[in-house]
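Visitor: I'd like a close look at one part of this model, and then a walk outwards to whatever else is worth seeing. Could you take me through it in one go?

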Amino acid sequence: MTIQEGLPFPQDAAQAGMQESRALAAKHSRRNKFRTWDPPREPMGRVPREWRIRSGLTQQVPDDLAPFVTWFYKQPEARERFRWALRDSLDELLDGQRTGRWAYQHLTKTEKTYLGTAVEVNLTKEFDIDNGADLDWSIAGLDIDCKFSKDLGGWEIPMEMYLCADHGERSGRANHAAVLTWMNDDTSQWAAGIVRITDERLRWKKERGANGDLVRAYNRDNKRKLSDGAESDVYWLWGGIQTDLPTNLLLQLEPETRKRILPASRLSGQERVNRLFREVQNRIIGRQTVLTVAQQDDSPKRARDARIALRPEGIVVLGHQGTHPHIARALELPVPIKGEWISTRLVPVSSDDARPKFSLDGQFWARTHEDELLLEPDPAPDLHSKREIDGQNSSG
C-alpha cells in the first residue's frame, strides 16, 4: 500500500483522534446541556368509559389462562417487581440526567413508540422469561406476547397472534394469549392483564358502502385493537387497577415548588440539589429525581454534598448507610434504601419532649414542628461521626 504524497499521516494520528474525540464532541454537544421543561398540557393517556376497570376485582381464572396466571403469582414479589419494571422503563426513556425531562409528554414521538419495547425488555429481564417459538415470550412452556399501551384498551394486536383463514400465511398458528400492560404516570396507576386473542375479540367496523357489512378494523400496520366487549374476557392480575406506580416526584410536585428547584435561571447542579432537599422534606427522594435535578455525571455526589450545605439550616439528608436508617426509624420517617434519600429539619429538644427523637452526645433532636419553622435554625448535628446515636420514640 502506498500513501499519497502531500497528505501528512503521523503515526499516532489514530490514537490521538481516539483520545480527543470525546472532548471535541463534548465541546459542541447539546445533549448534556441543562434544560427546563414546561408542565404537560395533555394527559399521558386515555381511559375510555368501556375500560374503566375497578380495583380489588375478584375474578374466576379461565382454564386456558391458568398456567400464565399461576406462573406470575408464583414469582417472588412479582407485583412489586412488575410495577418497578414499568417505572424503570419510563425513566430510562426520560433519561433525566442528560435531558432534564420528568414527564412522559416530554418524549418525542419516536420515543413514545419505543416505550412498549422498553417495557417488554425490562419485564423479560426482570422475570428471566424465555423466548417463545412463535412469539416473544414462553411462560409455563406456552407462547405468549407482551403488549403495552398508554391508553386502556389501546393494545395493538398483529395478525400472527390469532387464527384467521382470511390472513393466509400471516395468520397465527393458534389463538395466543397476551400480557396487557398499562400505566399512567399522571395518576400513578398501572395494570396488567392476560387475555386470549381471538378474531372475535378484536375490533370490527362497518364497511363503507350501501351494505354496511362488518369488516376487520385494521390500522396501517394491519394490527387491530381489542373490542370494547373484550374487557370482560381479560383476567386482571392482582385485582385490576393498581394505584401505586412508583411516584414520579418531580411530576407530582406543586408547580411553584418545582419552579424553585428547577428555575429557568442558571444555577449549578449542586444548588439545584440543595433546593430539592430543602423544598421536599420528610419524603423519600429517589436516585432518578436527583439525576434529573442535577443533570451531571456525578449527580449522587451532589446529594452527599447537600448534607454539608444544608447543615447550617438545621436540615439533615439521610441515606441508607451507617446510622441513617436508625435515625430515620427513630424520627418515624420512611427509611431510605440504597439509591434513596430523605431530608428533614431538626430542632434540639429536651429529654422529656414527647416527639420521636434521637440523642447524640447527650443532646436530643426531633423533627421541627410547623410553629418552629420561622425560628432561627440551629445547625443540624454531624451524623457522619462514629459516635453512638440513641433513638427514642414518643413512648421512649
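Guide: Here is a tour that begins at one strand, follows two arginines beside it, and then moves on to salt bridges, another sheet and a helix.

Keep in mind that this is a predicted model. Let's start with strand 12, residues 340–349. Nine of its 10 residues are buried, so the strand is largely enclosed by the rest of the structure.

What does strand 12 pair with? Strand 10, which covers residues 285–286, runs antiparallel to strand 12 and is joined to it by two bridges. One place to look is Gly-286, whose bridge partner in strand 12 is Glu-340. Strand 11, residues 315–318, is antiparallel to strand 12 as well, with four bridges between them. There, Val-317 has Ser-343 of strand 12 as its bridge partner. Then comes strand 14, residues 363–367, again antiparallel to strand 12 and again joined by four bridges. In that pairing, Pro-348 stands opposite Trp-365 of strand 14.

Now for the first arginine. Arg-307 sits in helix 10, which spans residues 299–310. Is Arg-307 buried or exposed, and which side chain of opposite charge is nearest? Arg-307 is buried but has no salt bridge, and the nearest side chain of opposite charge is Asp-305, 8.2 Å away. A salt bridge needs the nitrogen and the carboxyl oxygen within 4 Å, so that pair doesn't qualify. What Arg-307 does have is a backbone oxygen close at hand: a polar atom of its side chain lies 2.7 Å from the backbone oxygen of Val-317. That's the Val-317 you just met as the bridge partner of Ser-343. Leaving out residues up to four places away in sequence, Arg-307 touches Val-317, Leu-318, Gly-319, His-324, Trp-341 and His-384.

Trp-341 also brings us to the second arginine, since Arg-283 has contacts with both Trp-341 and Ile-342. Arg-283 is in the loop between helix 8 (269–279) and strand 10. With a relative accessibility of 34%, Arg-283 counts as partly exposed. Beyond its neighbours within four places in sequence, the other contacts of Arg-283 are Thr-247, Leu-249, Gln-252 and Leu-253. Take Leu-249: Arg-283 is 34 residues from it in sequence, yet their C-alpha atoms are 9.6 Å apart.

On to the charged pairs. A search of the whole structure turns up 28 salt bridges. One of them links Glu-80 and Arg-83, with the closest N and O atoms 2.8 Å apart. Both belong to helix 3 (residues 78–94), and being three residues apart there, Glu-80 and Arg-83 are separated by about one helical turn. Glu-80 counts as partly exposed at 29% relative accessibility, whereas Arg-83 counts as buried at 14%. Zoom out a little and you find a network of salt bridges linking Arg-79, Glu-80, Arg-83 and Asp-244.

Another pair is Asp-199 and Arg-216, whose closest N and O atoms are 2.8 Å apart in their salt bridge. Asp-199 is in the loop between strand 5 (189–196) and strand 6 (204–206), while Arg-216 is in strand 7 (residues 214–216), so the pair ties together parts that are 17 residues apart in sequence. Asp-199 is buried, at 8% relative accessible area, and Arg-216 counts as buried too, at 17%.

Then there's Arg-201, which forms a salt bridge with Asp-233, the closest N and O atoms being 3.2 Å apart. This pair links distant parts of the chain, 32 residues apart: Arg-201 is in the loop between strand 5 and strand 6, and Asp-233 is in the loop between strand 8 (224–225) and strand 9 (235–236). Arg-201 is partly exposed at 23%, and Asp-233 counts as partly exposed at 28%.

Strand 5 and strand 9 turn up again in an open sheet of five strands, ordered 1-2-4-5-9, with mixed pairing. Strand 1 (137–139) and strand 9 are at the edges with a single partner strand each, so one side of each has no neighbour in the sheet. Within this sheet, strand 2 (residues 142–149) and strand 4 (residues 177–184) run parallel, joined by six bridges. Look for Phe-148, whose bridge partner in strand 4 is Thr-181.

One last stop is helix 2, residues 66–74, whose buried residues are Phe-68, Val-69, Trp-71 and Phe-72. Viewed down the helix axis, the buried residues of helix 2 fall within an arc of 160 degrees, so they line one face of the helix.

Conventions. Residues are numbered from 1 along each chain as its sequence is written. This is a predicted model: local features need pLDDT of at least 70, side-chain atom pairs count only at pLDDT 80 or more; totals for chains, interfaces and linings use all residues. Side-chain values use heavy atoms; hydrogens and water are left out. Buried means under 20% relative accessible area, exposed over 50%, partly exposed in between (1.4 Å probe, protein chains only). Lys and Arg count as positive and Asp and Glu as negative; His and the chain ends are not counted. A polar contact is a pair of N or O atoms within 3.5 Å; within protein, one must be able to donate a hydrogen and the other to accept it, and residues adjacent in sequence count only if both atoms are side-chain atoms. Contact means heavy atoms within 4.5 Å. Two strands pair if DSSP finds at least two bridges between them. The arc is that of the directions from the helix axis to the C-beta atoms.
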